[in-house]
Every structure is written in structure tokens, then in C-alpha cells.
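Me: Please take a close look at one buried part of this model. Start with the overall frame, then tell me which residues meet there, and why they count as buried or exposed.

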Amino acid sequence: QQLTREQLHVLVDASGELLADPNNKTAQATLEVLATLIKTVPEAMRPYVNVLVPLVVERLGHARQPVRQKACEVLLNLLA
């Protein structure tokens with residue numbers, strides 16, 4: 001079942017707060033969800049590129065390597 005446009009919008013809005021969460025596992029899980037969405041529904045995610053890029057770029061400076069790695073993956077997929 002596909003997400004509706006409204007559900008996707010709510011998810012993208014929530015991702016900003018989740019990515020800023022001090023718990024690295026929360027940030028990493030959020031990036032994993034974004035990566036999955038970008039891979040499975042790239043056209044639906046395209047309108048959110050300008051919102052997501054700055055949020056994900058911030059995670060490139062995260063203290064934990066897995067978070068930085070996932071952020072890099074998300075950016076590459078967003079900009080592909």
C-alpha cells in the first residue's frame with residue numbers, strides 16, 4: 001500500500017525533529033526510513049528535496065560514523 005501525499009508530508013515534517021534527536025539510533029532509523037522512501041517512491045519524494053537536503057547535511061557532522069554513512073547514502077539518493 002502506498003503512502004498518501006498527506007502521510008508523506010507528515011513523515012517528512014516529522015523527520016526534521018527526529019533527525020535532530022540526540023539519540024543516534026533515532027537519527028539513524030530516520031535516515032533509514034528516508035533512504036527506503038527515496039529508493040521506493042523517488043518521484044513522490046522529489047518535492048521534498050529542498051527540505052530534506054539541509055536536514056540530512058547536518059547529520060554529516062554527527063559524532064557516530066553509522067549516522068554519517070547513512071546520511072551520505074540518503075544525500076546521494078536524493079541528488080541522483
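Reply: What follows goes from the whole fold to a group of touching residues, then to the charged pairs and a surface patch.

The model is predicted. Five helices and zero strands make up the protein. In order from the N terminus, the elements read α-α-α-α-α. The C-alpha atoms fit a box of roughly 35 × 25 × 20 Å along the principal axes. The radius of gyration is 12 Å, which agrees with the value near 12 Å for a compact globule of 80 residues. Many contacts bridge long stretches of chain. Taking contacts between residues at least 6 apart in sequence, 62% join residues at least 24 apart. Of the 80 residues, 32% count as buried. The accessible surface comes to about 5,100 Å². Carbon and sulfur atoms account for 55% of that surface.

Now the close look. The part to pick is where helix 4 gives way to helix 5. Helix 4 spans 49-59, helix 5 spans 65-78, and H62 sits in the loop between them. Three residues carry the description: R59, H62 and V67.

Take V67 first. This residue belongs to helix 5. Its relative accessible area is 0%, so V67 is buried. Beyond four places in sequence, V67 touches N24, A27, Q28, L31, R59 and H62. That list holds both of the other residues in our trio. Not every residue along this stretch of chain is at hand. V67 and Y48 are 19 residues apart along the chain, and 20 Å separates their C-alpha atoms.

Next, R59. This arginine is part of helix 4. Its relative accessibility is 13%, under the 20% limit, and therefore R59 counts as buried. Setting aside neighbours within four places, R59 contacts L19, A27, L31, V67, R68 and A71. Compare the lists: A27 and L31 appear for R59 and again for V67. The side chain of R59 also has polar company. One of its polar atoms lies 3.2 Å from the backbone oxygen of L19. R59 makes a salt bridge too: its partner is E58, with the closest N and O atoms 3.8 Å apart. R59 thus touches L19 through a list of contacts, pairs with the L19 backbone oxygen, and holds a charged partner in E58.

Then H62, in the loop. At 12% relative accessible area, H62 is buried. Its side chain reaches the backbone nitrogen of R64 at 3.0 Å. Beyond four places in sequence, H62 touches N24, V67 and R68. N24 is thus a contact of H62 and also of V67. R68 is a contact of H62 and also of R59.

Charged pairs extend the picture. The whole structure holds four salt bridges. One of them is R59 with E58, described above. Another joins K70 and E73, with N and O 3.2 Å apart. K70 and E73 lie three residues apart in helix 5, so about one helical turn separates them. Salt bridges that share partners link K39, K70 and E73 into one network. Burial differs within the K70–E73 pair. K70 counts as buried because its relative accessibility is 18%. E73 counts as partly exposed because its value is 26%.

A further bridge is R46 with E43, at 3.6 Å from N to O. R46 is partly exposed, because its relative accessible area is 42%. E43 is exposed, because its value is 58%.

Last, the outside. L3, L11 and V33 form a nonpolar surface patch with about 220 Å² of accessible area together. L11 comes from helix 1, residues 5-19. Its relative accessible area is 30%, so L11 is partly exposed.

To sum up the close look: V67 is buried at 0%, H62 at 12% and R59 at 13%. V67 touches both R59 and H62.

Technical notes. Residues are numbered from 1 along each chain as its sequence is written. This is a predicted model: local features need pLDDT of at least 70, side-chain atom pairs count only at pLDDT 80 or more; totals for chains, interfaces and linings use all residues. Side-chain values use heavy atoms; hydrogens and water are left out. Patches are made of residues with over 30% relative accessible area and no salt bridge: like charges are joined within 9 Å, nonpolar side chains (Val, Leu, Ile, Met, Phe, Trp, Tyr) within 5 Å. Accessible areas come from the Shrake-Rupley method with a 1.4 Å probe; for residues, only the protein chains shown count as cover. A salt bridge is a side-chain nitrogen of Lys or Arg within 4 Å of a carboxyl oxygen of Asp or Glu. Helices (H or I, at least four residues) and strands (E, at least two) are DSSP runs, numbered from the N terminus. Buried means under 20% relative accessible area, exposed over 50%, partly exposed in between (1.4 Å probe, protein chains only). A polar contact is a pair of N or O atoms within 3.5 Å; within protein, one must be able to donate a hydrogen and the other to accept it, and residues adjacent in sequence count only if both atoms are side-chain atoms. Contact means heavy atoms within 4.5 Å. The radius of gyration is taken over C-alpha atoms; the globule rule is 2.2 Å times the number of residues to the power 0.38.
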